[in-house]
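Biologist: I would like to learn how to read a protein model with some care, taking one feature at a time. Could we begin with the words that are needed before any residue is placed?

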Amino acid sequence: MSIRNPFEVVKQNQQYQKTSKTLEIMRAIYNKRGLRGFYTGYGTLLIRELPTSTLELVILEAMLRKFEQHVSRYRVSKESLVMIRVAGVGVLGGIAYGLAGLITTPIDVIKSRIMVNALNPMSFLTCLTNTVRNEGAMALAKGGLMRVILGTPGGILYYFILYLGLTSVKADSTLSLIHISEPTRPLYISYAVFCLKKKKKKK
């Protein structure tokens, strides 16, 4: 997060300010506020990422349990079962990612507005109050649909590839998920810890 925040600030200001030149944006932020200017909105970024990742985990774990119960009823070959699980985890992971992003859209709106005002920063509460007072509560939903549209395919691909790799090692396992997502990822490499539990054999 400490490495990611400066990139987010520069990107947001490139999209918002009159000039999109990276060096000019960086120079303006540094001249006005020093290094701390590149960490504008850092707290808000944490506020967004932590609940997003938590919701993603909770939603996905609930869906995986239902999915596993449903899949276990079918009598198919081990290879077919593996592919069904891989496809299911990918799709459910994308849905969980998209829903978590949609639910936390209001925080994302405030985060973006704080970052684009890196030269004249404001607090989370001030930005929230001004947004609702000047534009109404619905302003907090702006970009929600795009978060779902952009996030869901990425979530599907991410979980599909990850679980495919894991099942290639342990194809006869069922899935229990512990997800460590964006708040702890180095640079733009997210990672997850999957705990795979062997399926109990029926006597």
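Modeller: Helices and strands are DSSP runs, a helix having at least four residues and a strand at least two, and they are numbered from the N terminus. The model is a predicted one, and in it Gly37 is found in the loop that joins helix 2 (22–33) to helix 3.

Biologist: What does the secondary structure of the protein chain come to, and which pattern does it follow along the sequence?

Modeller: The protein chain has seven helices and two strands, and reading along the sequence gives the pattern α-α-α-α-α-α-α-β-β.

Biologist: Returning to that loop, is Gly37 buried or exposed?

Modeller: The word buried is used for a relative accessible area under 20%, and exposed for one over 50%. Gly37 has a relative accessibility of 0%, and it therefore counts as buried. Once neighbours within four places in sequence are set aside, Gly37 is in contact with Val9, Ile29 and Ala118. Gly37 and Asn120 are 83 residues apart along the chain, while their C-alpha atoms are separated by 9.3 Å.

Biologist: How many of the contacts in the protein chain, taken as a share of those with a separation of 6 or more, join residues 24 or more positions apart?

Modeller: Such pairs make up 72% of the contacts with a separation of 6 or more. A separate pair to look at is Leu64 and Leu92, which are 28 residues apart in sequence and 7.4 Å apart in space, C-alpha to C-alpha. Leu64 belongs to helix 3 (residues 42–71), and with a relative accessible area of 4% it is buried.

Biologist: Is Leu150 buried or exposed?

Modeller: Leu150, which sits in helix 7 (residues 144–169), has a relative accessible area of 63% and is exposed. Its C-alpha atom is 9.9 Å from that of Gly101, a residue 49 positions away in sequence. For the protein chain as a whole, 39% of the 203 residues count as buried, and the accessible surface comes to about 12000 Å², with 66% of it belonging to carbon and sulfur atoms.

Biologist: How should I read two helices that pack against each other?

Modeller: Two packed helices are described by the angle between their axes and by the distance between those axes. Here the axes of helix 5 (residues 105–115) and helix 6 (residues 124–135) come within 10 Å and cross at roughly 105°. Angles of 65 to 115 degrees count as roughly perpendicular, so helix 5 is roughly perpendicular to helix 6.

Biologist: Which residues make the contact of helix 5 with helix 6?

Modeller: Helix 5 contributes Ile107, Ile110, Arg113 and Ile114, and helix 6 contributes Phe124, Cys127, Leu128, Thr131 and Glu135. These residues divide into six nonpolar, one polar and two charged. Helix 5 is mostly covered, as nine of its 11 residues are buried, among them Ile107, Ile110 and Ile114.

Biologist: And how is a pair of aromatic rings read?

Modeller: A pair of aromatic rings is described by the distance of the centres and the angle of the planes. The structure holds one aromatic pair, formed by Tyr158 and Tyr159, with 5.0 Å from centre to centre and 75° between the planes. Planes over 60 degrees apart count as edge-to-face, and therefore this pair is edge-to-face.

Biologist: How are Tyr158 and Tyr159 covered?

Modeller: Tyr158 is partly exposed, with a relative accessible area of 24%, whereas Tyr159 is at 0% relative accessibility and counts as buried.

Methods:
Residues are numbered from 1 along each chain as its sequence is written. This is a predicted model: local features need pLDDT of at least 70, side-chain atom pairs count only at pLDDT 80 or more; totals for chains, interfaces and linings use all residues. Side-chain values use heavy atoms; hydrogens and water are left out. Buried means under 20% relative accessible area, exposed over 50%, partly exposed in between (1.4 Å probe, protein chains only). Contact means heavy atoms within 4.5 Å. Accessible areas come from the Shrake-Rupley method with a 1.4 Å probe; for residues, only the protein chains shown count as cover. Rings of Phe, Tyr and Trp (its six-membered ring) pair if their centres lie within 6.5 Å; planes under 30 degrees apart count as stacked, over 60 as edge-to-face and the rest as tilted. Axes are lines fitted to C-alpha atoms, for helices over the stretch in contact, and angles run from 0 to 180 degrees between N-to-C directions. Angles under 35 degrees count as roughly parallel, over 145 as roughly antiparallel, 65 to 115 as roughly perpendicular and the rest as oblique. Ala, Val, Leu, Ile, Met, Phe, Trp, Tyr, Cys and Pro count as nonpolar, Asp, Glu, Lys and Arg as charged, and the others, Gly among them, as polar.
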